[in-house]
Every structure is written in C-alpha cells, then in structure tokens.
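Trainee: I've never read a model like this before. Could you walk me through it, one feature at a time?

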There are 2 protein chains.
Amino acid sequence: MTEVGTGYPDRVKPSGRPTIKDVAKAAGVSPTTVSHALNGKGVVRRETVQNIERIAAEIGYRPSAIARGLQNSRLGLLALVIRPFHSLDTFLPEGVDYFLRIAGSASLTAMEHGYSMMLVDDPTRPGVPLSALAADAYIVTEPFEDDPVLTMLTEQRIPFVTVGADPARRGEFLEIDEGAEQQASLMISHLAEVGARRIALVAGTDRNDWNLGSIRTLEAWAAERGQEPLVFAMPEAEGEQAGETIVEHFFDGDPVERPDAIFCLTGRHAAGVTAAAIRRGIRVPEDLLVAAGSGAMQNRTSSPTVTTLDLHPEETARRAVEIAVRLAEGRDLELPLTVPSATLDIRESTTRG
Amino acid sequence: MTEVGTGYPDRVKPSGRPTIKDVAKAAGVSPTTVSHALNGKGVVRRETVQNIERIAAEIGYRPSAIARGLQNSRLGLLALVIRPFHSLDTFLPEGVDYFLRIAGSASLTAMEHGYSMMLVDDPTRPGVPLSALAADAYIVTEPFEDDPVLTMLTEQRIPFVTVGADPARRGEFLEIDEGAEQQASLMISHLAEVGARRIALVAGTDRNDWNLGSIRTLEAWAAERGQEPLVFAMPEAEGEQAGETIVEHFFDGDPVERPDAIFCLTGRHAAGVTAAAIRRGIRVPEDLLVAAGSGAMQNRTSSPTVTTLDLHPEETARRAVEIAVRLAEGRDLELPLTVPSATLDIRESTTRG
DNA sequence: CTGAAAGCGCTTACAG
DNA sequence: CTGAAAGCGCTTACAG
C-alpha cells in the first residue's frame with residue numbers, strides 16, 4: 001500500500017468530497033467498475049453493483065457535475081437571459097410581473113426536466129463570470145434589435161431560443177412568440193369596440209419587438225383612420241411615476257389631439273396614468289379608457305381596476321424550457337413553436353355603463 | 001503536419017468551440033503558454049502575449065468554465081434555494097413579493113461579484129440534476145425545522161448561508177436574520193399602540209422560523225395579558241382566498257373571543273381578510289385593525305391600504321450573496337452578519353381617525 | 001464480468 | 001521566457 005492516493009482505506013480524504021476513486025478503493029474494484037455500476041452502463045454483476053451502491057451511499061459519494069460535464073460539455077444547466085433586467089428596476093415592489101413569472105416558471109420546469117436554471121443578466125458584458133457562458137442552452141427573453149447576446153451565442157455555437165423576436169433579425173433564430181402585433185391588435189380592437197376613436201399608445205424605450213411591434217400596430221390603426229398616431233415612449237423603469245408626465249403630454253396640448261383611450265404597454269404605466277387622470281378630474285372609464293399590455297398586480301386591485309392583456313408567461317416559459325432542453329440534448333425539436341395566445345382581462349377601466 | 005489534432009491550421013475544428021489547443025496551434029506555442037498569457041500568470045514575453053490575445057480573439061476562444069472548474073472544483077456559480085417555493089404558488093400574479101425580490105437582487109449581486117446565480121427548488125429531492133449540487137456556495141432562504149437541505153449541504157461539505165434560522169438548529173449554521181420575534185414584536189407593538197387589545201395572528205403552515213417565531217411572540221404577548229392566544233395557521237398558497245375562512249374562524253365564534261386586530265404573516269392573507277371583513281360589514285380600521293408581516297403588492301393599492309412590515313429583501317439578499325461569495329472563495333468572513341431591520345409601512349388599515 | 005488506458009479542456013508545479 | 005508532464009474527476013472504447 002505505498003500507492004499514491006488518498007491513503008484512507010475505508011474513509012474519504014479529510015477534506016473535499018469523496019470521489020469515484022474513494023468508492024472504488026472502499027469497494028475493492030476499479031473506478032471503471034464504479035462508473036459502470038452507478039450509471040447502469042456496461043455489464044456488472046448484480047452483487048458488485050449492490051455492494052458499490054451501498055458503499056457509495058455510506059461515504060456520501062455524489063458524482064461531480066463538473067467532471068461529468070467535461071465529457072460531453074454538458075452541465076445540465078440552462079440559462080435564462082432576461083434582457084430588460086436593468087430597465088425593469090425589478091426590485092421595487094412595483095416590479096413588472098411578467099419577467100418574474102417567467103423566471104419562476106422556467107426554474108421549476110427546468111427542474112422537472114432534470115436541469116438547473118441560471119438567471120443571467122447580460123453575458124456579453126466584459127467581466128461576466130465564465131459560468132455565465134457555461135449553460136447547455138439559453139433562453140433569451142425580449143431580445144433587443146440586433147441583440148449582441150444573440151450574435152455572441154451564435155458565434156459561440158451555443159444553442160438558444162428566443163422569447164419574442166429580435167426585431168432586426170426576425171426569423172433568423174429559433175423564436176417562440178405570438179407576435180407583438182397580434183397582441184397589440186387584440187387590445188386595440190377591444191378599445192375600439194367599447195368606443196375609442198383616438199387611441200394613444202405609451203410604449204417603453206427598449207428597442208425590442210414588444211415595443212416596436214406595438215407601435216407599428218398602433219400606427220397602422222391610426223393610418224387607416226387618417227389620423228396622426230399618438231405614440232409616446234417612456235422608460236419602463238419609471239413605473240407609476242410616469243403617469244403624471246404621460247397625462248400631461250396628452251392633455252396639455254391641442255384639444256383636438258386628445259386621446260379618448262390610453263394603451264400603456266406596461267402595467268405600471270397604466271396604473272400611474274389612471275391615478276394621474278383621476279387627480280385631474282378626468283374620469284376613467286367615462287372620459288378616458290385605460291388599458292395595459294402586460295398586467296401588473298396593481299391593475300387588479302386599483303380603483304378602478306385596469307383592463308390588461310394576459311400574456312400567459314408561465315406557459316410561455318414552460319414551452320421555452322422544453323425547447324431549450326431539446327436543444328441542449330441535441331434532440332429533434334418535433335415541437336410546434338407555438339405559444340399561448342394573449343387573452344383579455346377586461347376590467348373597470350374599459351367598461352362603460 | 002501529420003499530427004493528430006484538429007488539423008485545421010488557422011481555423012478551429014468544424015464543430016464545437018475552439019479550445020486552448022486550437023489557440024496554441026494557431027499561435028505556434030504550447031497550451032501552457034496560452035494559459036499563462038491569457039491568465040497573466042507566469043512570465044511570458046509581451047509580444048507573445050499580445051499575439052496570443054489577438055489570435056484568441058480572432059478564433060473566438062473562450063476558456064471552458066467546466067474545465068477550469070475541475071481544477072479548483074469551483075464553477076463561479078452560486079445557488080439560491082428558496083425553500084417555500086412550492087408553498088408559494090409563485091406563478092399567480094398574486095405571488096408573494098418577498099422571494100421574487102430576493103431572487104432578483106441576489107442574481108444581480110452575484111453578477112457584480114463575478115458569479116452566476118442558480119435558482120434551485122429542493123436539491124435533496126431524488127432525481128435532481130447533478131448541476132443542482134454543483135454550486136460553489138448556497139443560500140437557503142427560510143429553512144424548515146431540521147431542514148434536510150441543510151443537513152445534506154453539511155454532509156457534502158458544501159458551504160452555505162441561511163436567511164432565517166433553522167428553527168430546530170438555531171446557531172448551528174451560518175445564518176443571517178433579524179429574527180422573526182423581533183419583526184413580529186414591531187408589528188404587535190404598533191397594533192397595541194393604535195388601540196388593539198386582542199390581537200389575532202394568522203401564520204402560514206410551513207415550519208420555519210418566520211412562522212414559529214411569530215407565533216411564539218404573539219403567545220408571549222397574550223400571556224402577559226392573561227389572554228389565550230388567538231393563533232390560526234393557514235397555508236401560504238391559499239392567498240387571498242383564505243380571507244373568508246380566517247374571518248369566519250375569528251368572528252363566528254364566541255363574541256368575547258373576537259379579535260380587534262388581525263396580523264397576517266403573509267400579505268395576501270391580509271388582503272383577503274380585509275376584503276372579507278368589509279363584505280361582512282366589519283369596518284377596517286374602525287372595527288378591526290389589519291396588518292401584514294410581509295408586504296404584497298396589493299396591500300399598497302387596496303382600499304383601504306394595508307399596513308405591512310418591510311423586510312428589505314433586496315438588502316438581505318445582497319448581504320447573503322456577499323457572504324456566499326466569501327464562502328465560495330474560502331475567504332475570511334470578516335463581515336458582521338447583520339441584516340437590515342424590518343420597518344413599518346403604516347397605512348390606512350391601522351390608522352384611526 | 002472487470003479493469004487499464006486515454007481523454008474531456010484546462011492549470012500548475014517543474015524542468016529546461 | 002517557454003513547454004512537457006501530471007492531474008482535476010469522471011466516462012468510454014477496448015482488451016482481457
């Protein structure tokens with residue numbers, strides 16, 4: 001026994017986790033056999049397998065994900081890149097629901113498929129941890145126009161799926177998305193149905209498909225009616241604070257240009273607009289219809305409650321993860337790249353009489 | 001050039017990412033030198049370094065986090081274990097804010113320190129991905145009594161810090177926490193100050209310190225006054241639905257036992273209680289004070305708005321990550337294990353006159 | 001049925 | 001200043 005090694009016959013070495021060698025030594029077999037036994041590969045005698053399993057359990061052996069990952073360069077790790085992370089100011093209690101719901105659902109779905117889920121902000125920033133690039137596949141939500149993250153993942157040949165399209169490269173990548181235009185149309189039709197003639201759109205400032213597509217849709221709608229489109233862009237992070245500015249913008253100008261409906265893409269803007277309008281004596285929904293493109297919690301509890309789109313983020317995240325898992329495993333997709341359609345949650349702010 | 005290898009002099013091999021060998025070959029040096037040059041270790045001539053850097057950039061080389069992790073068994077990965085993940089029903093729009101705010105803040109703080117952050121549900125469940133155990137250090141929020149996760153991490157010698165104590169093993173592990181008792185006292189004192197004589201506590205059903213410590217505190221408070229404590233446990237996931245049941249429980253019984261204040265640990269329960277009380281003609285705050293231990297969004301927008309504790313989850317997460325990073329790097333803690341104190345957000349539900 | 005050897009992509013003494 | 005060798009903890013042909 002002059003062998004170099006742990007030198008601890010029946011015990012693991014004093015520091016660090018037990019390795020496959022420790023198990024092999026304790027069981028009096030080779031590492032190869034341990035590997036075979038524990039993974040059900042090759043042919044190993046029943047008794048040997050059972051003995052090895054017992055000993056492995058005894059000494060608390062767990063294979064290292066890292067070492068195993070080195071073989072197939074797969075860690076069993078997925079990454080969710082929430083592009084508008086910083087724009088969101090996520091950490092205020094008013095934080096936009098949508099992405100948090102995505103993150104929660106994605107994490108759980110990943111676990112169900114035997115993957116862990118990493119939350120990544122921007123893997124192209126200088127100084128990102130190497131681990132931020134170590135996932136087997138990526139999900140990128142709401143990519144920006146010509147998004148460098150997508151470019152980089154492509155260059156590195158790391159598989160990914162996008163939730164929402166890169167507005168400048170639609171169709172170039174694997175994307176799941178209902179399409180912002182479709183979603184915006186749903187709300188605009190609803191507003192028109194309940195009487196709106198002059199709909200203003202309040203978008204965010206990120207150059208993603210959600211903002212750009214919605215703006216295009218509103219512009220088209222206005223053009224059909226020979227109107228100048230009423231569009232206002234406001235940073236997402238402003239939250240409810242933005243309400244005052246938005247209302248001022250639309251109501252302090254020329255009276256003929258005043259909207260009779262304001263469609264805010266983010267729920268927090270809509271909440272702010274409703275409050276600001278009421279403070280000015282503008283009644284909602286009597287004088288002004290208000291709606292939001294993505295529900296925030298306060299839209300359900302404010303007075304009046306505010307009509308929103310439900311984008312079904314949990315379901316979308318679930319699909320995205322299923323796709324990412326297939327990409328990670330190099331399997332065929334065989335999946336329709338469909339996503340649940342947005343639905344309307346009609347509330348007081350667009351219900352007259 | 002009959003050498004075995006990539007065989008692509010100036011190019012990387014057709015599939016897979018370029019490795020250090022590809023760079024070495026293209027630069028006409030050894031892998032060792034590439035490693036030295038790119039990591040600033042050893043002594044390499046300036047020109048050689050620059051040449052290697054240029055070539056590495058050209059072929060898009062990035063070191064593999066996995067291979068590097070194998071040396072020091074560190075991936076640059078932290079894990080956040082949100083224990084009550086399932087109890088929370090996180091994915092409804094009413095989802096408890098607290099943990100989502102923790103997750104967001106933790107992810108960002110991790111990135112700032114050069115780490116990625118993984119969201120893990122329960123790493124002790126059979127069939128969890130290996131990667132769920134591959135983090136360099138863990139943060140476990142609100143562990144249960146005798147929490148198996150803590151036991152397992154200890155056995156595996158994986159460093160971790162706890163947010164909130166394991167109620168059965170207080171002080172045995174590294175924990176940061178203001179202490180549920182202190183937090184509950186803050187709210188109970190406030191309620192007493194504004195006139196409550198008979199305070200009921202609605203706790204959750206998870207056996208964590210937050211629930212157990214709060215119950216103890218209320219019991220002590222009642223005992224001091226020679227009262228039977230009014231305590232009711234309700235699954236966290238019931239959310240606002242629970243309001244009706246809770247109000248029934250306290251108001252359909254013996255009149256002398258009716259509370260004049262209800263302190264719900266979760267914001268959603270408080271929202272439900274407020275609504276249910278009002279439906280019964282019980283006025284809030286005139287007849288009944290209502291407060292929540294952890295703010296949910298709807299408490300700020302409901303009518304009446306509901307008084308809550310602000311636990312400052314972002315700041316807490318930040319501290320937890322800083323500690324986890326030090327643990328991961330085997331550095332001295334040198335940090336006070338303090339955490340921001342809870343503060344009161346006093347709102348209409350406890351403001352009389 | 002079992003094990004020695006090579007290799008995954010790096011890093012780190014160590015020798016030249 | 002540079003590189004050959006060993007090793008991190010596994011798996012996977014392959015030989016016995």
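Mentor: Sure, let's start with polar contacts. A polar contact is a pair of N or O atoms within 3.5 Å; inside protein, one atom must be able to donate a hydrogen and the other to accept it, and residues adjacent in sequence count only if both atoms are side-chain atoms. Here, the side chain of Thr350(B) has such a contact with the side chain of Thr307(B), at 2.6 Å.

Trainee: And what should I know about the model before we go on?

Mentor: It's a predicted model, where local features need pLDDT of at least 70, side-chain atom pairs need pLDDT 80 or more, and totals for chains, interfaces and linings use all residues, while side-chain values use heavy atoms, with hydrogens and water left out. As for labels, residues are numbered from 1 along each chain as its sequence is written, and chains are lettered from A and ligands numbered from 1 in the order in which they are written.

Trainee: Is Thr350(B) buried or exposed?

Mentor: The general idea is a percentage: under 20% relative accessible area is buried, over 50% is exposed, and in between is partly exposed (1.4 Å probe, protein chains only). Thr350(B) has 1% relative accessibility, so it counts as buried. You'll find Thr350(B) in the segment after strand 11 (343–345) of chain B; helices (H or I, at least four residues) and strands (E, at least two) are DSSP runs, numbered from the N terminus.

Trainee: Which residues is Thr350(B) in contact with?

Mentor: Contact means heavy atoms within 4.5 Å. Skipping neighbours within four places in sequence, the partners of Thr350(B) include His190(B), Leu191(B), Pro285(B) and Thr307(B).

Trainee: What's special about the peptide bond from Val284(B) to Pro285(B)?

Mentor: Look at omega: that bond is cis, with omega near 10°. Pro285(B) sits in the loop between helix 11 (267–279) and strand 9 (289–294) of chain B. There's a cis bond from Ser303(B) to Pro304(B) too, with omega near 0°. Pro304(B) is in the loop between helix 12 (298–301) and strand 10 (307–310) of chain B.

Trainee: What about phi? Where is Glu142(A), for a start?

Mentor: Glu142(A) is in the loop between strand 3 (137–141) and helix 7 (148–155) of chain A. Its phi is near 45°, a positive value in a residue other than glycine. Glu142(A) is buried, because its relative accessibility is 10%. Over in chain B, Arg157(B) has a positive phi as well, near 55°. With a relative accessible area of 46%, Arg157(B) is partly exposed.

Trainee: Now the DNA! How many residues surround DNA strand D?

Mentor: Here a residue is near a strand if one of its heavy atoms lies within 4 Å of it. For DNA strand D that gives 27 residues, the closest being Ile20(A), Ser35(A), Gln71(A), Thr33(B) and Val43(B). Of the strand D atoms within 4 Å of the protein, 65% belong to sugar or phosphate and the rest to bases.

Trainee: Which part of DNA strand D lies 2.8 Å from a polar side-chain atom of Thr32(B)?

Mentor: A base nitrogen. Ser35(A) reaches a phosphate oxygen instead, with a polar side-chain atom 2.6 Å away, and the side chain of Thr48(B) has an N or O atom 3.0 Å from a phosphate oxygen. Among the elements giving two or more residues to this surface are helix 1 (20–27) of chain A and helix 2 (31–39) of chain B.

Trainee: And which residues are closest to DNA strand C?

Mentor: Thr33(A), Val43(A), Ile20(B), Ser35(B) and Gln71(B), out of 27 that surround DNA strand C. A base nitrogen of strand C is 2.8 Å from a side-chain N or O atom of Thr32(A). Arg68(B) has a polar side-chain atom 2.8 Å from a phosphate oxygen of strand C.

Trainee: Last one: how do I read two helices crossing?

Mentor: Fit lines to the C-alpha atoms over the stretch in contact; the angle runs from 0 to 180 degrees between N-to-C directions. The axes of helix 10 (residues 242–251) and helix 11 (residues 267–279) of chain A come within 7 Å and cross at roughly 60°. Residues making that contact include Ala242(A) and Ile246(A) of helix 10, and Gly272(A) and Ala276(A) of helix 11.
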